[in-house]
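Open the model in your viewer and keep the selection tool at hand. We will walk through it stop by stop, choosing something to select each time.

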Amino acid sequence: MSEEAADQTVDVVVIGGGAVGEVAAGYTHQGGLSVALVEQSLLGGECSYYACMPSKALLRPGQAVAAARGVEGAGPAVTGPLDAAGVLARRTTFTHDWDDSSQVRWAVGEGLEVVRGTARLVGEREVVVAGADGEERRLGARHAVVLATGSMPSTPPIPGLDRTRHWTTRDATSSHEVPPRLVVIGAGVAGCELALAYVRLGSAVTVVARSQVLPMYPFRAGGMVARGLSLAGADVRTQVETTSIERPEGPDEPAVIRLSDGHTMVAEEVLVATGRRPHTRGLGLETVGLEVPDGKPLEVDDSGRVTALADGWLYAVGDVTGRAPLTHQGKYAARVVGDAIAARAAGKAAEPRPWSAYAATADHAAVPQVVFTDPELAQVGLTEQQARERGHRVRTAEVDLYEVAGASILADHYTGWAQLVIDDERDVVLGAIFVGQDVAELLHAATIAVVGEVPLDRLWHAVPAYPTLSEAWLKLLEADRARTA
Ligand SMILES: Cc1cc2nc3c(=O)[nH]c(=O)nc-3n(C[C@H](O)[C@H](O)[C@H](O)COP(=O)(O)OP(=O)(O)OC[C@H]3O[C@@H](n4cnc5c(N)ncnc54)[C@H](O)[C@@H]3O)c2cc1C
Ligand SMILES: NC(=O)c1ccc[n+]([C@@H]2O[C@H](COP(=O)([O-])OP(=O)(O)OC[C@H]3O[C@@H](n4cnc5c(N)ncnc54)[C@H](O)[C@@H]3O)[C@@H](O)[C@H]2O)c1
C-alpha cells in the first residue's frame, strides 16, 4: 500500500491486543518504531478476561481454605463453605468487570496507537481494519506486520454438541452463577482447574476424560491430580468417551450427557474444555500467498518470522503459532519479536542464533507450566518420555515430598512427588516435575537449571534453606547420587 493509499502508515502494525500482542507492540515501540495495535474486542485478550486471571481468582479462595484445613490447630478456625458470591465478586475485580480502560491507558501511555476493530491483511504490509460502525480504515506498515490473534476453543465432534448450548472456558471463567451440576468434558489443564474451582464453589462436578487426567504429563502426576479432584468431591471418569449431548426439554433445561460406558448424566451446565485451535480464520492470509488450513498454526522461525514468506515482513507470536500456548511463553516470544523487528529496521542482521535476544530458544526445551490444581503440578523442560523420544540417553531421580522437612511444616500429611530428568551423557537437568501443595514456586529454580544447563556437580552447591520445600532439590540430588554411586 503506498503511503497515499493508506489512511495511516506506521512502522509496524500488530494485529491482536492480547497479552502477547501488547508485549510485541511495547517492545517494538521501545526499539524506536511507531506501532498501531489493533484489537477487535478487549485489550488484554483471553488471559486477562477469560483465562489465566479469572480462573486463578476462582481457584485461590479454595486453595487458601484447604491450606488452613490441612494444618492441625488452624483447621477449626476455618469452618463452613466458601462464600461463592464473594469468590465470584473477587474474580470480577480481576477482570475489571470486563472493561479494558486501564489496559488502554497503559498502551496509550506507552506511546502505542490503539486501533479498535477487526483487522485483515489485504496485501504485503497492508492491513484493513473494520470498525464496529462498519467503517474501514487502511493501515500501511513500513517494516512489519505482527499477527498475535491468539486461539479459540476447539469443538470436538460429539454428536449433538453443535446443537446444544454449552459452556466454553470463556463461560466458565466469566459466570455469575454456580451451576448445581456441572459436567466437564476434557481433563486437560483447563478442565482440571475449572473442575476444581467449581466443585469447591459447590457444584456437583463430573469430569469426563477420554484417556487419563492430564495425559500430557507422567501417569503418576496425572493420577495424583485425579485423586485430588476426587478428594475435593468431583466424580472423575477416565477412559470414557462422550457419545452424545442434548437438552431434550429445551435450551434452558438440563443437559443429558451419554458416555461410552453406558452411563447417562444430567447437568445444568456442560463445560467443553478439549483444547484450542490457532485463530487464523479471516486474517486475509491468502492475499499474501499463504495457505494455512483451518486449525493449523502459523509456522514461524525462532525470531517469529512466518517461515512460508520469503522476505520476512510478516511475524506471528503467541497462541496463533502453536509453539507454547501459555501467556508467559508468548510474552517471551513477543519480547524476541519486538527486539528482532527493531534491530532489522535499524539495518542489523538480527540472526536468530540460539539463546540470543533474537531467538525464542526456550520454546523448544525449557517451557515451564503450572497446573493450579490441588495438588499443584509444576513442570519444565522435557518429560522422561519426550527426552527419550528426542534421542537423549536419560536417567531420572525421584522423591516423595513428604520426606522433606519443609513439606511437613507446610501441611500435615503432606503428599507430593518430584522427578528430575537428567541427561546421562552431560549430567545436566533436561526436565523437572513437582506435584504437591505449593510447588509452583519451586519451578523457577528448575527452569534456571534447565536453561543454564547447570552441571549436577555444581547444582550440588546450591544449598536450599532449611526447612523449606526447596529441600526437594537436595533430596533429588541425593537420590541421583545413591543411584549412580
Ligand atoms: C481457561 C484458561 C486458563 C489459562 N490459564 C493460563 C495460565 O494460568 N497461565 C498461562 O500462562 N496461560 C494460561 N492460559 C493460556 C493463555 O490464556 C494463552 O496462552 C494466552 O492468552 C495467549 O495470548 P495471545 O495474546 O497469544 O492470545 P489471546 O489472549 O487470545 O489474544 C488475542 C487477541 O487478538 C484479538 N484478535 C483476534 N483476531 C483479531 C483480528 N482479526 N483483529 C483484531 N484483533 C483480533 C482477540 O480479540 C484477542 O484479544 C489459559 C487458557 C485458558 C483457556
Ligand atoms: N495453568 C495454565 O497454564 C493453563 C490453564 C488452563 C489452560 N491453559 C492452556 O490453555 C490451552 C487450552 O487448555 P485445554 O485444557 O482446553 O487444552 P489441553 O490441550 O491442555 O487439554 C485438552 C484435553 O481434552 C482432551 N480431549 C480432546 N477431545 C476430547 C473429547 N472429545 N472428549 C474428552 N476429552 C477430549 C484431550 O485429550 C486433552 O487432555 C492449553 O494450551 C493449556 O496449556 C493453561
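Before the first stop, please keep in mind that this is a predicted model.

**Stop 1: ligand 1**

Select ligand 1 and show an oxygen atom contact at E46: a polar backbone atom of E46 is 2.9 Å from an oxygen atom of the ligand. Now add V20, where a backbone N or O atom lies 3.2 Å from an oxygen atom of ligand 1. P325 offers a backbone N or O atom too, 3.2 Å from an oxygen atom of the ligand. Next, switch on a surface: the protein covers 91% of the 990 Å² of accessible area that ligand 1 has on its own.

Widen the selection to the residues around ligand 1. There are 35 of them, and those that come nearest are E39, K56, A119, D319 and T327. What mix of nonpolar, polar and charged residues makes up this shell? Color by residue type and you will find 13 nonpolar, 17 polar and five charged.

To see where the shell comes from, highlight these elements, each of which supplies at least two of its residues:

- the helices α1 (19-30), α2 (45-49), α3 (52-69) and α9 (327-345)
- the strands β2 (35-39) and β4 (118-123)

**Stop 2: a parallel sheet and its helix**

Now select β10, β9, β8 and β14, which in that order form an open sheet of four strands with parallel pairing. Look at the two edges: β10 (235-237) and β14 (269-272) each have a single partner strand, so one side of each is left without a neighbour in the sheet. On average, neighbouring strands here are turned by 15 degrees against each other, direction ignored.

Zoom in on β8 (residues 181-185) and β9 (residues 204-208), which run parallel and are joined by five bridges. To find one of these pairs, pick I185; its bridge partner in β9 is V208. Then bring in helix α7, which packs on the sheet and touches β8, β9 and β14. The direction of α7 makes about 165 degrees with that of β9.

**Stop 3: ligand 2**

Keep α7 on screen and select ligand 2. Which element gives the most residues to the shell around this ligand? The answer is α7, with three residues.

Of the 20 residues around ligand 2, the ones that come nearest are A190, E193, G275, Q369 and V370. Take three of these in turn:

- A190 has a backbone N or O atom 2.9 Å from an oxygen atom of ligand 2.
- E193 uses its side chain, with an N or O atom 2.9 Å from a nitrogen atom of ligand 2.
- G275 places a backbone N or O atom 2.9 Å from an oxygen atom of ligand 2.

Taken alone, ligand 2 exposes 840 Å², and the protein buries 79% of that. The elements giving two or more residues to this shell are α7 (189-201) and β17. By type, the shell divides into 11 nonpolar, five polar and four charged residues.

**Stop 4: an antiparallel sheet**

Follow β17 away from ligand 2 and select its sheet: five strands in the order β17-β18-β21-β20-β19, open and with antiparallel pairing. β17 (368-371) and β19 (394-400) stand at the edges with a single partner strand each, so one side of each has no neighbour in the sheet. Neighbouring strands of this sheet are turned by 10 degrees against each other on average, direction ignored.

Four bridges pair β17 with β18 (residues 376-381) in the antiparallel sense, and P368 stands opposite V380 in β18. Finally, select helix α13 (residues 443-452), which lies across β17, β18 and β21 (428-436). This helix runs at about 170 degrees to β21.

Note on methods
Residues numbered from 1 in each chain as written. Chains lettered and ligands numbered in written order. Predicted model: local features only at pLDDT ≥ 70, side-chain atom pairs only at ≥ 80, totals over all residues. Heavy atoms only, no water. Near = heavy atom within 4 Å. Polar contact = N/O pair within 3.5 Å; in protein donor to acceptor, adjacent residues only side chain to side chain. Areas by Shrake-Rupley, 256 points an atom, 1.4 Å probe, with all protein chains shown as cover. Nonpolar A, V, L, I, M, F, W, Y, C, P; charged D, E, K, R; others polar. Pairing = 2+ DSSP bridges. Axes fitted to C-alpha atoms, helices over the stretch in contact; angles between N-to-C directions. Contact = heavy atoms within 4.5 Å.
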